[in-house]
Amino acid sequence: MFKTNEYFEGKVKSVAYENVSGKYTIGVMAQGAYEFGTSSNEEMTVINGTLDVLLPGSDTWDVFHAGSTFQVPANVKFQVRAIGATSYLCRYY
């Protein structure tokens, strides 16, 4: 039904689920810097808070506020900086 995930000593937590629309995680990040790896394409939407994101192949950090979305390709690493506690929804495709 649901799978819970915890990363970076509990500073990032999420719940994974699947429905007719696809596979998702919804989670929260404590303020801090994190590096994630992908195994499939991801679409990440900031629900609340702000993320600074360094996408693969970019030298520039982009800022994503609540309601904004970015895509990350499969099989790469990307970096985020949560500016305060931040919640997100990630869709895998």
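The legends below describe close-up views of a predicted model.

**View 1. The largest pocket and its lining.**
The largest pocket has a volume of about 430 Å³. It is lined by 23 residues, and Y7, T25, G37, E42 and Y92 are the closest to its centre. Sorted by class, the lining consists of 11 nonpolar, 7 polar and 5 charged residues.

**View 2. Strands around the largest pocket.**
Which strands each supply at least two residues of the lining of the largest pocket? They are β1 (3-7), β2 (12-19), β3 (22-29), β4 (32-37), β5 (42-54) and β8 (77-92).

**View 3. The ring pair Y17 and Y24.**
The model has 7 aromatic pairs. In the pair formed by Y17 and Y24, the ring centres are 5.4 Å apart and the planes meet at 15°. Planes under 30 degrees apart count as stacked, so Y17 and Y24 are a stacked pair. Y17 is partly exposed, because its relative accessibility is 24% and the buried class ends at 20%. Y24 has a relative accessible area of 12% and is therefore buried.

**View 4. The ring pair Y34 and F36.**
The centres of the Y34 and F36 rings lie 6.4 Å apart, with the planes at 40°. An angle of 40° is neither under 30 nor over 60 degrees, so this pair counts as tilted. Are Y34 and F36 buried or exposed? Y34 is buried, at 5% relative accessibility, and F36 is buried as well, at 16%.

**View 5. The aromatic cluster.**
Y34 and F36 also belong to an aromatic cluster. The other members of this cluster are F8, F64, F70 and F78.

**View 6. A charge over a ring.**
Which residue lies over the face of W61? It is R81, at 3.7 Å from the centre of the ring.

**View 7. The largest nonpolar core.**
The largest nonpolar core has 17 residues. Those that touch the most other members are M29, L51, V53, F70, F78 and V80. Two of these, F70 and F78, are also members of the aromatic cluster. At least two residues of the core come from each of β4, β5, β7 (69-72) and β8. Which strand gives the most to this core? It is β8, with 5 residues. Strands β4, β5 and β8 thus appear in two views: each supplies at least two residues of the pocket lining and at least two residues of this core.

Methods
Residues are numbered from 1 along each chain as its sequence is written. This is a predicted model: local features need pLDDT of at least 70, side-chain atom pairs count only at pLDDT 80 or more; totals for chains, interfaces and linings use all residues. Side-chain values use heavy atoms; hydrogens and water are left out. On a 1 Å grid over the protein atoms alone, a cavity is a set of points where a 1.4 Å probe fits but cannot get out, and a pocket is an open set with protein on both sides within 12 Å along at least five of seven lines; lining residues have an atom within 4 Å of a point. Grid points are joined across faces, edges and corners, and a volume is the space filled by probe spheres set on the points. Helices (H or I, at least four residues) and strands (E, at least two) are DSSP runs, numbered from the N terminus. Ala, Val, Leu, Ile, Met, Phe, Trp, Tyr, Cys and Pro count as nonpolar, Asp, Glu, Lys and Arg as charged, and the others, Gly among them, as polar. Rings of Phe, Tyr and Trp (its six-membered ring) pair if their centres lie within 6.5 Å; planes under 30 degrees apart count as stacked, over 60 as edge-to-face and the rest as tilted. Buried means under 20% relative accessible area, exposed over 50%, partly exposed in between (1.4 Å probe, protein chains only). A charge sits over a ring if NZ of Lys or CZ of Arg is within 6 Å of the ring centre and within 35 degrees of the ring normal. A nonpolar core is a set of buried Ala, Val, Leu, Ile, Met, Phe, Trp, Tyr and Cys residues joined through side-chain atoms within 4.5 Å.
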